[in-house]
Amino acid sequence: MATIPDAQRSGLARFHGLTGVGGVLILAVGLFKSITAVTQPATGLPPQTLQETGLYADFATLQIDPDHLAFSPQYPLWSDGATKRRWISLPPGSAIDGSNPDSFVFPVGTRFWKEFSFNGQRVETRYLERQADGQWLYAAYAWSADGREAQLVSPKGKRGAYAFAGGRTHTIPGVNDCKACHQGVPSEVLGFSTLQLSPDRDPHAPNAELKPDRGVDLKDLVDRGLIVGLPESLLDTSPRIKAATATERAALGYMHGNCGQCHNAQGPLQNVGLFLRQSVVGADQPAIATTVGHAVKKPAPGQSPDAVNRVEPGYPERSALFQRVSSRYSPLQMPPLGTELVDDEAVALLYRWIAEMGEPRKEARLHHEGR
C-alpha cells in the first residue's frame with residue numbers, strides 16, 4: 001500500500017470513522033436502496049446444497065471439476081479483504097458472444113461460482129446460472145464452521161456470517177441485494193469482461209489478484225474458441241484503460257470494478273451523470289469528465305462544506321468521491337452494499353491520484369510567482 005505522509009494522513013483519518021463527514025457524490029444511499037430490481041420470472045429453484053450445483057468433481061476432497069475454468073478480474077470488487085476464487089462453466093460446444101465487447105452475451109446454461117474466505121475459512125459461495133428463458137438464477141451458500149458442507153441461504157440473505165474486529169460482521173447478501181448491483185449492467189455478470197480479463201493486467205490495481213493456476217484470461221478464451229465475435233482491434237492489442245499516468249489507470253480501474261456496475265450510462269442511476277464504468281471502445285474517458293472538477297449535485301447529511309466537487313485536483317480531503325470511499329458511515333459510504341470495512345489500499349490510491357492532479361497547477365503557480 002502506498003505511504004501517505006503523516007500530515008496528510010491526519011486529514012485522511014477523519015473520514016474513516018463513523019463520525020466522519022463526506023461530500024455528495026451520488027444520490028443518498030436511501031435512494032440507491034429504493035431502486036427496485038427488475039422483476040424476473042421464477043423459472044427455477046436453486047439446489048439446496050452447493051454440492052448439487054456441480055462445482056466439485058469430489059465434494060469430500062473439495063476437488064473442483066476440471067471442466068470449470070478459473071479466472072480472476074484485474075480490478076476486483078472490495079469485499080472487506082475476503083480471499084476469492086471464481087469459476088465459469090460453459091455448456092459443451094457453446095461460446096460467449098463478444099460482438100459487443102462491453103457486454104458479453106452468455107449462452108443458456110452458463111454457470112458462475114465465487115467463493116469467499118476470511119483468514120483461511122470458507123464463508124460463502126455465490127452462484128449464478130443462466131436459464132432457458134435467458135434470465136439469471138441467483139443463489140448463495142453458507143459454509144458450516146467445520147467446512148464440511150454449504151447450505152443454500154434464504155433469499156433474504158444471512159447476517160453475522162463472519163465476525164470482524166470491532167463488532168462488525170460479514171453479511172451474505174440477499175437475492176435483491178445482488179440484483180441491485182448486477183442488474184445495473186446489461187449482461188448482469190460482473191468481473192468477467194473484456195477489460196477485466198485483459199492479458200495486459202494492471203500491476204498497480206488495488207487488492208490485485210494473480211491469474212489463477214491453470215486459469216484463463218481473454219486470450220486463452222479466444223484461442224479456445226470460447227469467446228467469438230470480438231473486434232479484431234482487441235485481438236491485436238490487449239485492452240487497457242485510457243489514462244494519463246499509472247496512478248490514474250489504477251484509480252479508474254478501481255472505480256470501474258467497485259462503482260461502475262451502478263454508475264454508468266445504461267443503469268438506473270444514469271440520471272446522476274456519474275459514469276465510472278470503463279469502455280474498451282471509443283476514445284473518450286467519461287470517468288474523468290464526470291468527476292474531475294465536476295460539482296456535486298446535492299448536499300448529503302454530514303457533507304463537508306468545502307466538498308463542492310466530486311474530485312478537486314490537488315485536494316483529496318475536500319473531494320466528495322474520496323470522502324465517500326473513505327467512510328463507513330452508512331448515509332455516506334460507497335459502495336453502499338457489501339462492505340463493512342474501509343478499503344485502505346484503495347483510499348491511499350485515490351488520495352495519491354487526486355493529489356498528483358494538483359502538482360502541475362502548483363508547478364505553474366511557482367513558475368509564475370518565482371521560486
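How do the residues of the lining of the second largest cavity divide into nonpolar, polar and charged? In this predicted model, the lining of that cavity is made up of three nonpolar, four polar and two charged residues. The residues concerned are Pro101, Asp102, Ser193, Thr194, Leu195, His256, Arg277, Gln278 and Val280, and the space they line comes to about 50 Å³. The structure holds three cavities of 30 Å³ or more.

**The protein as a whole**

The protein has 371 residues, of which 51% are buried, and its secondary structure consists of 10 helices and 12 strands. When contacts with a separation of 6 or more are considered, 62% of them are between residues that stand 24 or more positions apart.

**Strand β8 and its partners**

Strand β8 covers residues 136-143, and because eight of its eight residues are buried, the strand is largely enclosed by the rest of the structure. In a regular strand the side chains alternate between the two faces of the sheet. In β8, Trp136, Tyr138, Ala140 and Ala142 point one way, while Leu137, Ala139, Tyr141 and Trp143 point the other way, and all of these residues are buried.

Strand β7, residues 121-130, runs antiparallel to β8 and is joined to it by seven bridges, with Arg126 standing opposite Ala140 of β8. These two strands form a hairpin with five residues between them, in which Gly134 takes a positive phi near 90°. Strand β9, residues 150-152, also pairs with β8 in the antiparallel sense, here over three bridges, and Leu152 of β9 stands opposite Tyr141. The hairpin of β8 and β9 has six residues between the strands, and Gly147 in its turn has a positive phi of about 70°.

**Two buried residues in one loop**

Which residue in the loop between α6 (246-258) and α7 (286-289) can be looked at next? Asn264 is found there, and Gln285 lies in the loop between α6 and α7 as well. Asn264 has a relative accessible area of 2% and is therefore buried; Gln285, with a relative accessible area of 16%, is also buried, because buried means under 20%.

The side chains of both residues take part in polar contacts, which are set out below with their distances.

| Side chain | Partner | Distance |
|---|---|---|
| Asn264 | backbone oxygen of Gly260 | 2.9 Å |
| Asn264 | backbone nitrogen of Gln266 | 2.9 Å |
| Gln285 | backbone oxygen of Lys242 | 3.0 Å |
| Gln285 | side chain of Gln278 | 3.0 Å |

Which residues does Asn264 touch, not counting those up to four places away in sequence? They are Gly184, Val185, Gln270, Leu274, Phe275 and Arg277. One of these, Arg277, is also found in the lining of the second largest cavity.

For Gln285, when its neighbours within four places in sequence are left aside, the residues in contact are Ile241, Lys242, Leu252 and Gln278. Gln278, whose side chain is joined to that of Gln285 by a polar contact, is likewise one of the residues that line the second largest cavity. Gln285 and Ala243 are 42 residues apart in sequence, and their C-alpha atoms are 8.4 Å apart in space.

Conventions:
Residues numbered from 1 in each chain as written. Predicted model: local features only at pLDDT ≥ 70, side-chain atom pairs only at ≥ 80, totals over all residues. Heavy atoms only, no water. 1 Å grid on protein atoms, 1.4 Å probe; cavity = no way out; pocket = protein on both sides within 12 Å on 5 of 7 lines; lining within 4 Å. Points joined across faces, edges and corners; volume = space filled by probe spheres on them. Nonpolar A, V, L, I, M, F, W, Y, C, P; charged D, E, K, R; others polar. Buried < 20%, exposed > 50% of the residue type's maximum accessible area, 1.4 Å probe, protein only. Helix = DSSP H or I, 4+ residues; strand = E, 2+ residues; numbered from the N terminus. Pairing = 2+ DSSP bridges. Polar contact = N/O pair within 3.5 Å; in protein donor to acceptor, adjacent residues only side chain to side chain. Contact = heavy atoms within 4.5 Å.
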